[in-house]
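Visitor: Can you walk me through this one? I'm new to reading structures.
Guide: Sure, let's have a look at it together.

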Amino acid sequence: PMGEAPASELDAVLGGGGWDVGASFEGPPPPTGPIRLGRNACYVVLAVLFNEEDGVLLVQEAKPECRGKWYLPAGRMEPGESVVAAMRREVKEETGLECEPLTLLALEERGPAWIRFAFLARPTGGTLKTLEEADAESLQAAWWAGDPSALPLRAPDILPLLDLAARYRLSPPHPPTLPQELPCALLCLRLLVAFANDAGDLWVLLGTAGTPHLPVVACGTSPAELRGGLRLPVLQLLLDCLPSDPHPGPLGLLGLQHRAGGPGGADGVCFNMLLSIPPSSPGATPPEPRSPAFCWWHVEEESLRGRILQRLCAAATVPVRS
């Protein structure tokens, strides 16, 4: 009954794609000003690279506060850079190597004020930085084939990422996921909210304003909203539109879009997120929205239903860590 619009959106989202975010959002009014790096947002890039002997590329830090300690190549994204360009630049500056991204491994966030894009990448050229080439970026780089926790690390937060990377190389849990170069003024989330019961029935939550569409919520930049992280606007939307506390499952990333120097010089990102509402009982149907601004769409097309259920059941998304 909803026509082809949601089916084509779902197909694009499941394929890691994106499109114009537009100016209308579900939930509370979005912030009035754009997202700007260095002002109200900080994006960090990090890369995990392996060589043919399964050594991981590590950097010896030059910064005074952690000088001599080891870490993965990482650093802040600069205004005017794409996410991938920032990752390549940091790897080149700190290790001397050129690289290309293979997939996002994880999205780590502390709200709009700090988001880290962790990539799995592969070396494509360059020469490994030695102590003789030490500079303000790093002292040296090395391929490390042993247990990284045996080294004096700048911080242990890279150990779970190394585990994720090792598992991805053995058996990728999700398709390669890379940023799409499309503009976005704000930090926002395009939501694929799914409800599946044990009979294999599947529904997707849609916004009804105009053509039925996947809901989009914007992240605020007040201190409370920054502390609440990316999950806060999602919870606010679900609490507003569903009759009882929905207790949604974890967020998983299906794709994202960003273009350096977007509208008005904005550095916004739109994240395509998958999450599920657990059924209250076997054979349950989704809770009726309290507002006509939302409806549930019963996904009947077999291929599309199977693709969404596969992503849900296998947690086949880029993990979001808060």
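**A walk through the model**

Guide: Let's start with Gln257, which lies in strand S11 (residues 252-257). Helices (H or I, at least four residues) and strands (E, at least two) are DSSP runs, numbered from the N terminus. This is a predicted model: local features need pLDDT of at least 70, side-chain atom pairs count only at pLDDT 80 or more, and totals for chains, interfaces and linings use all residues. Residues are numbered from 1 along each chain as its sequence is written, and side-chain values use heavy atoms, with hydrogens and water left out.

Visitor: Is Gln257 buried or exposed?
Guide: Gln257 is buried, with a relative accessible area of 1%. Buried means under 20% relative accessible area, exposed over 50%, and partly exposed in between (1.4 Å probe, protein chains only).

Visitor: Which residues is Gln257 in contact with?
Guide: Leave aside neighbours within four places in sequence. Then the contacts of Gln257 include Trp19, Gln180, Pro183, Arg190 and Cys270. Contact means heavy atoms within 4.5 Å.

Visitor: Which side chain joins Gln257 in a polar contact?
Guide: That of Arg190, at 3.3 Å. A polar contact is a pair of N or O atoms within 3.5 Å; within protein, one must be able to donate a hydrogen and the other to accept it, and residues adjacent in sequence count only if both atoms are side-chain atoms.

Visitor: How far apart are Gln257 and Glu132?
Guide: They are 39 Å apart in space, C-alpha to C-alpha, and 125 residues apart in sequence.

Visitor: OK, cysteines. How many disulfides does the structure hold?
Guide: Zero. A disulfide here is a pair of cysteine sulfur atoms within 2.5 Å. For Cys270, the nearest cysteine sulfur is that of Cys188, 3.8 Å away. Cys270 counts as buried, at 0% relative accessibility.

Visitor: And why no bond between Cys295 and Cys241?
Guide: Their sulfurs are too far apart for a bond, because the distance is 10 Å. Cys241 holds the closest cysteine sulfur to that of Cys295. Cys295 is buried too, with a relative accessible area of 15%.

Visitor: New topic. How many residues has the largest nonpolar core?
Guide: It has 51 residues. Tyr43, Phe117, Phe271 and Met273 have the most contacts inside it. A nonpolar core is a set of buried Ala, Val, Leu, Ile, Met, Phe, Trp, Tyr and Cys residues joined through side-chain atoms within 4.5 Å. There is also a second, separate core of 21 residues, including Leu46 and Tyr71.

Visitor: What does Phe271 touch?
Guide: Not counting neighbours within four places in sequence, its contacts include Leu107, Phe117, Cys188 and Leu253.

Visitor: Now sheets. In what order do the three strands of the open sheet come?
Guide: The order is S3-S2-S7, and the pairing is antiparallel. Two strands pair if DSSP finds at least two bridges between them. S3 (70-71) and S7 (140-144) are the edge strands, each pairing on one side only. Strand S2 (residues 56-60) is joined to S7 by five bridges.

Visitor: Which residue in S7 stands opposite Leu58?
Guide: Ala142 does. Leu58 lies in S2 and counts as buried, at 0% relative accessibility.

Visitor: What about Gln60, buried or exposed?
Guide: Gln60 is buried, at 13% relative accessibility. Gln60 is in strand S2 as well. A polar atom of its side chain lies 3.0 Å from the backbone oxygen of Gly68.

Visitor: How many residues of strand S5 are buried?
Guide: In S5 (residues 97-109), 10 of its 13 residues are buried. S5 pairs with strand S6 (residues 115-126) in the antiparallel sense, over 11 bridges. Two bridges join S5 to strand S14 (residues 318-321), and those two run parallel.

Visitor: Last one: helix H5. Which of its residues are buried?
Guide: In H5 (residues 231-241) they are Pro233, Val234, Leu237, Leu238 and Cys241. Down the helix axis they fall within an arc of 135 degrees, so they line one face of H5. That arc is taken from the directions from the helix axis to the C-beta atoms.

Visitor: What covers them?
Guide: The cover includes strand S8 (187-196), strand S9 (202-207) and strand S12 (269-276).
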